[in-house]
Amino acid sequence: MKDYKLIALDMDGTLLNSRKEISEKTKEMIRRAAAEGKHVVLSTGRGVAELTEYLEQLPEVRYLDCTSGAVIYDCREQKAIARNPIRTEDMRKILDLARERDLMVHFLSTESIVEQKKFEVIEEYQMGLYRPLFAHAARKCKDIYRLFEEEQIQVGKCNLYHRSPEDRLVTEERLKKMGLSVSVVHSEIASLEITAAGVNKGTGLLALCEHLGISVEETIAVGDADNDREVLETAGLAVAMGNAEEYVKALADVVVADCDHDGCAEAIEKYLLGNVHLF
């Protein structure tokens, strides 16, 4: 079996179970991997501010491929290794559309920012499951459109939350016609994740590999959803969770158990540590 040096784990639906928790078995596998000199990386659409409570549980994790690849972060040094924000002129057009359509806007880089009035009705935007996360991790502002201009914010990723999947499709079509230099993917029930064109978890993994001086062929990526597609296609070994979308399973090299049955622990044990016989 190939000697892999790094595993990149998606968060929601992958590392986290359906209760948004990391199982004890997975924590133990991460500790074992770190003890053997392997890199365990969080590969996530979440920003740095939204990962604090999980990083406290995972002191072995040093690097983040976060904000959907727009920010590569060194937790030990507490600094970004690389950033790829959305162009200011594109963000202005995105915000004009969001205001017109009355969407919930979420800025992510090393900080997480939402509007207070939208946070108060977050369930309307199909994001109620994340209310506790936003409550403690997000900065709430009065007017996110005004804040963008006044603070000249460099947005790594802009999430647009909708009231329904059908509403999301309307926004997606409008964005396509605008000809912006951005990448747009689906997430959650009715959300769009927007990053600069060509920026995704896969490009983030490449940037991190360059920083660490390892080949991308020596890496494993584990995921379950649309925003994991590029990193699964980039890594040396693509692992889909048992709860992954069927098209994600189809592009993966192997499939492990679902997020409620320690699929991440299985991926680490089998493929990063090479103990296939244990499963």
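**Exercise 1. Is Tyr161 buried or exposed, and what is its relative accessible area?**

Solution. This is a predicted model, so every value here is computed from it. Tyr161 has a relative accessible area of 3%. Buried means under 20%, so Tyr161 is buried.

**Exercise 2. Find the aromatic pairs and describe how their rings are set.**

Solution. Start with the count: there are 2 aromatic pairs.

- Step 1. In one of them, the ring centres of Phe107 and Phe148 lie 6.0 Å apart, with 55 degrees between the planes. Planes over 60 degrees apart would count as edge-to-face and those under 30 as stacked, so this pair is tilted.
- Step 2. Now place the two residues. Phe107 belongs to strand β6 and Phe148 to helix α6, so the pair ties together parts 41 residues apart in sequence. Both Phe107 and Phe148 are buried.
- Step 3. Turn to Phe134 and Tyr161, whose ring centres are 6.2 Å apart. Their planes meet at 70 degrees, so this pair is edge-to-face.
- Step 4. Phe134 sits in helix α5 and Tyr161 in strand β9, 27 residues apart. Phe134 is buried, at 2% relative accessibility.

**Exercise 3. Work out the surroundings of strand β7.**

Solution. Take the strand itself, then each neighbour.

- Step 1. In a regular strand, side chains alternate between the two faces of the sheet. In β7 (residues 112-115), Ser112 and Val114 point one way, while Ile113 and Glu115 point the other way. All of them are buried.
- Step 2. Strand β6 (residues 104-108) pairs with β7 in the antiparallel sense, over 3 bridges. A hairpin of 3 residues joins β6 to β7, and His106 has Val114 as its bridge partner.
- Step 3. On to strand β8 (residues 139-141), which runs parallel to β7 and is joined to it by 3 bridges. Here Glu115 has Cys141 as its bridge partner.

**Exercise 4. Why is Cys209 in no disulfide?**

Solution. First, the search of the whole structure finds 0 disulfides. Next, look at the distance: the closest cysteine sulfur to that of Cys209 is in Cys66, 16 Å away, which is too far for a bond. The cut-off is 2.5 Å between the sulfur atoms. Cys209 is also buried, with a relative accessible area of 3%.

**Exercise 5. Which side chain does the side chain of Glu269 contact?**

Solution. Begin with its place: Glu269 is found in helix α11 (residues 263-272). Glu269 counts as buried, at 2% relative accessibility. Its side chain makes a polar contact with that of Arg32, at 3.3 Å.

Terms used:
Residues are numbered from 1 along each chain as its sequence is written. This is a predicted model: local features need pLDDT of at least 70, side-chain atom pairs count only at pLDDT 80 or more; totals for chains, interfaces and linings use all residues. Side-chain values use heavy atoms; hydrogens and water are left out. Buried means under 20% relative accessible area, exposed over 50%, partly exposed in between (1.4 Å probe, protein chains only). Helices (H or I, at least four residues) and strands (E, at least two) are DSSP runs, numbered from the N terminus. Two strands pair if DSSP finds at least two bridges between them. A polar contact is a pair of N or O atoms within 3.5 Å; within protein, one must be able to donate a hydrogen and the other to accept it, and residues adjacent in sequence count only if both atoms are side-chain atoms. Rings of Phe, Tyr and Trp (its six-membered ring) pair if their centres lie within 6.5 Å; planes under 30 degrees apart count as stacked, over 60 as edge-to-face and the rest as tilted.
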